[in-house]
Amino acid sequence: MFKPTRWSAGLAGLAATAMIASSAALAETKIRVQSVIPSKADEVHMLNEFAKDVHDLTNGEVVIEVLPAGAVVGVKETLDAVDAGLVEGGFAWTHYWSGKHPAAMLFGSPVAGAGVGIDNIAFMSWFLYGGGKELYDRLWDEMGVNVKGFMLQPVGPEALGWFKEPINSMDDFREYRFRAPPGIPGQTYNDIGVAAVAMGGGDILPALEKGTIDAAEWCCPKPDSVFGFQKVLKHYYLQGLHQVVVNADIYINGDVYNALTDHQKKALEVAANASLTKALAYRIYENGKALKDLTENHGVQLHDTPSDYFSEYMNAARASLEKNAAENAFFKEVWDSQRAFAEIAVPFWAGAQTSNASLGQAFAKSLQ
């Protein structure tokens, strides 16, 4: 009969420990994330990069599976589905949920740069170092949803949009039925007499082809070209105020998030912060390539936005921000934080950006 020695017992203990460790390593948490846009969109490409970073940082313990729009529930039910646990995660722009709380707009799409001159890079400064993240984490309780959010993809400034014919003034603009973002940015267009209609990205081209709308905005040259707006409309305006800043986020069911280990939670945070930079870097180059292709190969004509647009839209945006701040305490708290940040940061950043813009414009004109 075999009698175990201290040596053989030790080996058996090591083997058992290795088996337990191996089993633990093989255990994985799958987080299905339903997007609000089709899988071909650039935002989903970057979301998959985020998912890969999370996978690698957790040694495969956390697997994020990206589902296309409508895979589990309708686009408008995405956040509710995450809250209820019907799907573990969702991906959208937080201003989509302005109906649940008006302050969602200040995180997803602070209209006209929050009315205080904040651009997409300055917004990240406020979010990471100016108190924005702490307020963002409170947003979900204010909404009453069981969700943990991570901001992933800052974009901006978004283009004013696409038109059948050139527009030379706001009077021309008001002749169009115009796809605009949901929430306050879109409502601000209505406030200045533009017939603005909110709809999902995948619905815009069919609506243009059917004549339901006859002008539209979505984002920027690359995402716009992926949706194919250049097939119907040829007049493109880059300068817009409705979404100088816009951010796409991931939402994870609170119970699913709380069940993760501290290391896994940290991996999500690190991957999200990396995504903020990667998304900005990706967009600059991809949009540049797309704009070149649109104007050189698809007959798209690039125009400057009429000057009266800026004053009309900014005034209406400020009025909307002030109205919401007067009616909702949390909205006021977030907006006050953005304004306090802007008083310190915007004078420096706007002055520095003037040099950058002048440098870039000088080079762009030399190409013409």
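What share of the 368 residues of the chain count as buried? In this predicted model, 50% of the residues fall into that class. The chain is built from 15 helices and eleven strands, and its C-alpha atoms fill a box of roughly 100 × 50 × 40 Å when the principal axes are taken as the frame. About 16,800 Å² of the chain is exposed, and carbon and sulfur atoms supply 57% of that area. Among contacts with a separation of 6 or more, 78% are made by residues that lie 24 or more positions apart.

The interior may be described through its nonpolar core. The largest such core has 112 residues, and those with the most contacts inside it are Phe50, Phe173 and Tyr189. Helix 15, which covers residues 329-367, supplies the largest share of this core, namely eight residues. Around Tyr189, once neighbours within four places in sequence are set aside, the contacting residues are Leu160, Phe173, Phe178, Ala180, Val194, Ala196, His242, Tyr309 and Tyr313. Phe173, itself one of the residues with the most contacts inside the core, is thus among the partners of Tyr189.

Strand 3, formed by residues 89-93, is mostly covered, with five of its five residues buried. The cover extends to both faces of the strand, since Gly89, Phe91 and Trp93 are buried on one side and Gly90 and Ala92 are buried on the other. Strand 3 is joined to strand 1 (residues 29-35) by three bridges, and these two strands run parallel; within this pairing, Gly90 of strand 3 is the bridge partner of Gln34. Strand 3 is also joined to strand 10 (residues 246-253), in this case by five bridges and in an antiparallel arrangement, and here Phe91 stands opposite Ile250 of strand 10.

A further set of strands forms an open sheet of six, in the order 7-6-8-5-9-11 and with mixed pairing. Strand 7 (195-197) and strand 11 (301-303) stand at the edges of this sheet, and because each has a single partner strand, one side of each is left without a neighbour in the sheet. Strand 11 is joined to strand 9 (residues 235-237) by three bridges, the two strands running parallel, and Leu302 in strand 11 is the bridge partner of Tyr236.

Aromatic side chains were examined next. A pair of aromatic rings is described by the distance of the centres and the angle of the planes. The count for this chain comes to 28 aromatic pairs. In one of them, the ring centres of Trp93 and Trp218 are 5.5 Å apart and the planes meet at 85°, so the pair is edge-to-face. This pair links distant parts of the chain, 125 residues apart, with Trp93 placed in strand 3 and Trp218 in the loop between strand 8 (215-216) and helix 11 (221-227). Trp93 and Trp218 are both buried. Tyr136 and Trp140 likewise form an edge-to-face pair, with 5.4 Å from centre to centre and 85° between the planes. Tyr136 and Trp140, however, both belong to helix 7 (residues 132-143), where four residues, or about one turn of the helix, separate them; both are buried.

Two rings lie beneath charged side-chain ends. The charged end of Lys148 sits over the ring of Phe150 at 5.3 Å from its centre, while the charged end of Arg339 sits over the ring of Trp335 at 4.0 Å from its centre.

Several features of the backbone remain to be described. Most residues other than glycine have a negative phi, and most peptide bonds are trans. Against this background, Gly156 and Pro157 are joined by a cis peptide bond with omega of about -5°, and Pro157 lies in the loop between strand 4 (147-155) and strand 5 (161-163). Asn59 has a positive phi near 55° and is found in the loop between helix 2 (42-57) and strand 2 (62-67). Because its relative accessibility is 65%, above the 50% limit, Asn59 counts as exposed. Ala112 also has a positive phi, near 50°, but its place is in helix 5 (residues 111-117). With a relative accessible area of 3%, which is under the limit of 20%, Ala112 is buried.

Note on methods. Residues numbered from 1 in each chain as written. Predicted model: local features only at pLDDT ≥ 70, side-chain atom pairs only at ≥ 80, totals over all residues. Heavy atoms only, no water. Buried < 20%, exposed > 50% of the residue type's maximum accessible area, 1.4 Å probe, protein only. Pairing = 2+ DSSP bridges. Core = buried A, V, L, I, M, F, W, Y, C linked by side-chain atoms within 4.5 Å. Contact = heavy atoms within 4.5 Å. Phe/Tyr/Trp six-rings, centres within 6.5 Å; stacked < 30°, edge-to-face > 60°. Lys NZ or Arg CZ within 6 Å of the ring centre and 35° of its normal. Areas by Shrake-Rupley, 256 points an atom, 1.4 Å probe, with all protein chains shown as cover.
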